[in-house]
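Colleague: I am new to this structure. Please take a close look at one part for me, the empty space and where it sits among the domains.

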Amino acid sequence: MLSETKNLTWPEFQALSPEEKKPYFNENGKIFHCLHSQQFDREFIDHIYKLTNVIRSISKSKKGALFLQGLMPHYKAMLYFMQPSTRTYLSFRTACQILGIQTSDVRDASISSEVKGETFEDTIRTFSSYFNFIIMRHPKEGYAEQAAYCLNNSERPIPILNAGSGKDQHPTQAILDIYTLIRSFEHHGGLEGKTIILAGDLLRGRTVRSLSKLISFFPGTKLILSSPEKFKMSEDVISFLKEKKVHYTVSHEFVKHLPDADAIYMTRVQDEHDTGNDKSEKSFPEFSLRAEHLPILKEHCAIMHPLPRREELDSAIDNDPRAKYWRQERNGMWARAALMSHITGYDQKIMCYWADICKQANHTADI
Ligand code: CP
């Protein structure tokens, strides 16, 4: 059972630790609302990895694609995106199509009754009257959690999937990023023990904040947190890394670390979060990966970026086999389909279908 939040005011609830919030976001130990990456563990990541691979394989045939589309035609998802998005919006929508889920969206507050003064809580409850999932991106940190808090006390507590919350978290991006990393090192000894550079605006980059928490599940991984002083990783993530005994280095240099990296995760300046007159530069050339750097990278180095990019990632790199960012964004579609099928329990049917296919073809179901 999902715990009700009615004995707690919103400020009291907000003040709970991620661990204390788990019973409110997980049901019977399983993810229900997907709000931040501290909800995940290694077992969940390994399961989503397998499931993503299985969904990707099944959907290659017409028969398989029709099987997947037949799973959830009775489900409907609201895509509530109050910040611009290309990839997250489209990959969630396509993930829904893969599973047969119907979608609607609100992408502009000016066409919602919020302009008439409707509260955020009433807006969310209204969505829950029509839909089985709310996939939401919001510029305010904590709003996805507040939506879950509100619905837990209603008669229709449907899952909230955080598709990006302010500068704070982007947990489903972290799922596809860790999937891409694991897949990249499948034939290179696994992700354990690898050195990963996270570069750019680490202070306001919600993707790197969420991802660094998942990296802690892989023993021996080393993080190089490379950013200008002004955009260094914030203390809450550093404390998390310390607590989990993750080996990390904070550096204000970039190029000198490149030869050591097994993976490089670039990010752009997140200037949409600029406040007042303190305007950020559009990019920082000294934290940019350019074609001239390719010769000093390891042969198997995975180059990643959550996209969109600016000058920090040279488009001349795009056709290098080490560039994983186009695959990374495609992985988002499969990984999000895996997540939604897991939350609803349809993952069991998918795994059984896969096991049957493997049995018929006389090969192992391991993937
Ligand atoms: N990676 C990512 O969140 O991209 P969008 O902003 O285009 O959704």
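Modeller: What follows goes from the domains to the pockets and then to the cavity. Keep in mind that this is a predicted model.

Start with the two domains. Domain 1 covers 2-170 + 332-346, and domain 2 covers 171-329. Taken over C-alpha atoms, their centres are 25 Å apart. How many residues are in contact across the boundary? On the domain 1 side there are 33, and they are in contact with 29 residues of domain 2. Together the two domains bury about 2700 Å² between them. Carbon and sulfur atoms carry 59% of that area. Within domain 1, Y49, R87 and H170 lose the most area to domain 2. Those three together make up 27% of what the domain 1 side buries. Keep R87 in mind for the cavity.

One annotation helps with orientation. UniProt, in an unreviewed entry, places the feature "domain: Aspartate/ornithine carbamoyltransferase carbamoyl-P binding" at residues 33-181. Over that stretch the chain is 46% helix and 15% strand. The end C-alpha atoms of the stretch are 24 Å apart.

Now the largest pocket. It holds about 640 Å³ of space. Its lining has 29 residues. Which of them lie nearest the centre? They are P18, H36, Q38, Q169 and K213. Several elements each supply at least two lining residues: the helices α2 (18-25), α7 (143-152), α9 (206-215) and α10 (235-243), and the strand β6 (160-165). By class, the lining has seven nonpolar, eleven polar and eleven charged residues. Both domains take part here, since domain 1 and domain 2 each give at least three residues to the lining.

Next comes the second largest pocket. Its volume is about 380 Å³. It is lined by 20 residues, and R137, R206, R268, L307 and P308 are the closest to its centre. The helices α5 (87-98) and α9 each supply at least two of the lining residues. So α9 has a part in both pockets, with at least two residues in the lining of the largest pocket and at least two in that of the second largest. The class split in the second largest pocket is four nonpolar, eleven polar and five charged. Where does this pocket lie? It lies between domain 1 and domain 2, because both give residues to its lining.

Last, the closed space. Rolling a probe the size of a water molecule over the atoms shows where empty space is left. A search of the whole structure finds one cavity of 30 Å³ or more. About 50 Å³ of space lies in it. Its lining consists of R87, S91, Q173, L176, H305, P306, Y325, Q328, E329, G332 and R336. Here R87 returns, lining the cavity after appearing among the domain 1 residues that lose the most area to domain 2. Three helices, α5, α8 (171-184) and α11 (325-344), each supply at least two lining residues. The largest share, five residues, comes from α11. By class, the cavity lining has three nonpolar, five polar and three charged residues. This cavity also lies between the domains, because domain 1 and domain 2 both give residues to its lining.

To put it together: the second largest pocket lies between the two domains, the largest cavity lies between them as well, and the lining of the largest pocket draws at least three residues from each domain.

Conventions. Residues numbered from 1 in each chain as written. Predicted model: local features only at pLDDT ≥ 70, side-chain atom pairs only at ≥ 80, totals over all residues. Heavy atoms only, no water. 1 Å grid on protein atoms, 1.4 Å probe; cavity = no way out; pocket = protein on both sides within 12 Å on 5 of 7 lines; lining within 4 Å. Points joined across faces, edges and corners; volume = space filled by probe spheres on them. Helix = DSSP H or I, 4+ residues; strand = E, 2+ residues; numbered from the N terminus. Nonpolar A, V, L, I, M, F, W, Y, C, P; charged D, E, K, R; others polar. Domains from an automatic or database assignment. UniProt positions renumbered as here; feature names shortened; annotations may be inferred. Contact = heavy atoms within 4.5 Å. Buried area = accessible area lost by both parts, 1.4 Å probe.
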